[in-house]
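Here is a short report on one protein model. Please read it alongside the sequence and coordinates shown next.

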Amino acid sequence: MTTIREATYDLLRRHGLTTIFGNPGSNELPFLAGMPEDFRYILGLHEGVVAGMADGYAQATRRPALVNLHAASGSGNAMGALTNAWYAHTPLVITAGQQVRSTIGQEVMLSNVDAVSLPRPLVKWSAEPASARDVVRTMGQAIHTTVLEPAGPVYVSIPYDDWAHETGPEEEHLGERTVETAGGLSDGQLADLVAALDAAARPVLVLGPDVDSAQGNDDAVRLAERLGAPVWVAPSASRCPFPTTHAAFRGVLPASVAGIAGLLAGHDLILVVGGPVFRYHQYEPGEYLPDGAALLQITCDPGEAARAPMGRAVVASIGPALRRLADAVVPRGVTVQPRPAAPVVPHQTDADGRMAPEAVFDVVNELAPEDAIYVNEATATVTAFWDRIQMRYPGSYYFPASGGLGFGMPAAVGVQLAEPGRRVIAFIGDGSANYGITALWTAAQHAIPVVFIILNNGTYGALRGFAAKLNALDAPGLDVPGIDFVSLAAGYGVDAGLAESVGELRDQVAKALASDRPTLVEVRISTVSPF
Ligand code: TZD
Ligand code: CA
């Protein structure tokens with residue numbers, strides 16, 4: 001006899017979903033009891049951290065990840081993290097234990113009342129199987145739905161008395177199913193796009209995060225080189241789609257209407273690939289496009305295509321589209337000159353014992369391996385980061401895709417778990433760190449060797465920048481003094497130290513990179529404007 005529980009594990013195994021990121025409760029125990037030996041369970045101490053670890057893991061593996069949460073309360077704790085997973089197009093199969101079917105209506109303790117509505121609108125699809133005999137098919141539907149383009153989280157609530165039921169003919173063919181997308185450009189669309197690019201006098205590329213998820217980075221380089229076009233990264237960058245060491249790399253566009261139109265002035269064709277048009281943040285109204293410019297967008301997400309305020313959009317799988325465009329455009333034999341080098345900044349502490357963030361990035365860039373992976377959640381210093389940290393390979397950068405804090409520390413753990421052959425270095429602001437601090441414990445327990453660098457300026461630096469812009473400088477709640485991250489790290493079992501000079505920073509980062517355990521380095525930095 002095969003139970004629904006056994007058949008579900010078998011289905012998960014067939015799809016490679018053998019790592020479970022979770023935080024358990026009573027409703028989940030009947031599924032987890034006797035977990036097969038080829039599965040591993042990664043415990044997170046808060047569901048925001050569980051979802052953030054799974055998000056990092058899924059993005060870095062470019063495969064779906066499995067999450068198991070406790071009913072409504074656990075799911076609720078994960079919701080903030082789902083804002084990031086949703087905008088990152090991260091495939092996550094989130095399961096939540098539900099109370100015994102016959103008792104949900106009584107609203108017994110830890111029942112998930114209206115479970116299907118709970119995670120909306122941050123999931124592509126949510127379900128609670130109508131009977132035990134539909135659990136395995138529903139899980140299959142969840143797995144197929146999460147990866148179909150655009151990928152995104154899905155949610156399944158499962159009453160715990162379902163697991164012990166026997167399977168029957170309903171389950172027989174589920175394991176063999178495959179479901180796939182064939183989202184290519186038609187020949188006519190390709191010819192049209194190529195004609196537009198070839199006809200442009202001064203084209204520019206703007207690349208979004210889905211270029212990196214589709215591993216289209218090399219094709220983006222080829223396309224840029226053949227067109228002789230400069231390359232910008234789309235605003236609010238959550239991944240690095242183009243080598244920052246390439247001469248054509250110009251930086252990350254600012255997240256405002258006026259800022260983007262200003263920087264792209266002079267171009268007659270803006271080709272945006274693998275991202276929304278555009279993920280603006282600070283409200284600086286103005287013309288959406290520079291004078292005389294047309295915009296073409298290629299996105300895998302119909303929602304991104306439909307909601308953009310300008311341009312012609314084509315919905316297609318990013319990898320093949322980029323490859324075919326790069327093959328087809330006429331090489332122009334033009335080489336783009338590199339942008340000016342980042343300004344030199346003194347590498348010393350100021351009178352208050354604070355280091356310039358630029359100096360911290362310089363030291364880490366010098367010591368880190370060339371293929372290091374960066375997770376960034378220090379909000380005011382993002383521009384300095386992109387100016388100074390060199391990233392050459394696909395999968396080198398992760399930032400919260402919707403700006404929801406609490407992603408950085410957990411995602412760093414998930415990415416490092418997915419990429420044991422590369423080192424993950426996480427720059428985390430002293431504000432951001434507190435939303436996901438318990439990820440340190442998981443890193444320590446599994447010896448996941450992330451190098452956490454806490455950039456401590458004692459304040460919500462980005463909000464100070466916004467407060468100045470929004471005439472809100474007297475707003476309360478902008479400072480976070482008095483947090484000792486070295487002690488917090490020690491409390492969760494992570495080796496940690498405070499670097500009080502550039503020399504100490506150098507030593508501690510070198511030591512952290514040599515360690516096979518997680519390490520935290522706290523450094524006091526001066527506050528810079530996020531704009
Ligand atoms: N809560 C959550 C979950 N996400 C948010 N984005 C915010 C609050 C608001 N917020 C920002 O958008 S940036 C920021 C906050 C609180 C400050 C982060 O401070 P930090 O980094 O110390 O991590 P900086 O470099 O000092 O800005
Ligand atoms: Ca800060």
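## Calcium site

Thr459 is buried, at 6% relative accessibility. In this predicted model, Thr459 gives its O atom to the calcium ion (ligand 2). Two other residues join Thr459 as protein donors: Asp430 through OD and Asn457 through OD1. These donors lie 2.2 to 2.3 Å from the ion.

Along the chain, the donors follow the spacing D-x26-N-x1-T. Asn457 is buried too, with a relative accessible area of 13%. Both values fall under the 20% cut-off for buried, so Asn457 and Thr459 each qualify.

## Cysteines

How many disulfides does the structure have? The count comes to zero. Cys240 is in no disulfide, and its nearest cysteine sulfur, that of Cys300, is 18 Å away. Cys300 is likewise in no disulfide; for this residue the nearest cysteine sulfur is that of Cys240, at 18 Å. A disulfide needs two cysteine sulfur atoms within 2.5 Å, so this pair does not qualify.

Are these cysteines buried or exposed? Cys240 is buried, with a relative accessible area of 2%. Cys300 is buried as well, at 10%.

## Aromatic rings

The structure holds 16 aromatic pairs. One of them joins Tyr280 and Tyr288. Their ring centres are 6.0 Å apart, and the planes meet at 75°. That angle is over 60 degrees, so the pair counts as edge-to-face. Tyr280 is partly exposed, with a relative accessible area of 24%. Tyr288 is also partly exposed, at 38%.

Ring pairs also build a cluster. Its members are Phe249, Phe361, Tyr374, Phe385, Trp386, Tyr397 and Phe427.

A charge meets a ring elsewhere in the chain. The charged end of Lys469 sits over the ring of Phe531, 4.5 Å from the ring centre.

## Domains

The domain assignment of the protein chain gives domain 1 (4-176), domain 2 (187-328) and domain 3 (357-524). Cys240 and Cys300 carry numbers that fall in domain 2. The calcium donors Asp430, Asn457 and Thr459 have numbers that fall in domain 3.

How far apart are the centres of domain 1 and domain 2? Taken over C-alpha atoms, 35 Å separate them. Seven residues of domain 1 are in contact with 13 residues of domain 2. Between them, the two domains bury about 830 Å². Carbon and sulfur atoms account for 38% of that area.

Notes: Residues numbered from 1 in each chain as written. Chains lettered and ligands numbered in written order. Predicted model: local features only at pLDDT ≥ 70, side-chain atom pairs only at ≥ 80, totals over all residues. Heavy atoms only, no water. Donors = N, O, S within 2.8 Å, 3.2 Å for Na, K, Ca; no water. Buried < 20%, exposed > 50% of the residue type's maximum accessible area, 1.4 Å probe, protein only. Phe/Tyr/Trp six-rings, centres within 6.5 Å; stacked < 30°, edge-to-face > 60°. Lys NZ or Arg CZ within 6 Å of the ring centre and 35° of its normal. Domains from an automatic or database assignment. Contact = heavy atoms within 4.5 Å. Buried area = accessible area lost by both parts, 1.4 Å probe.
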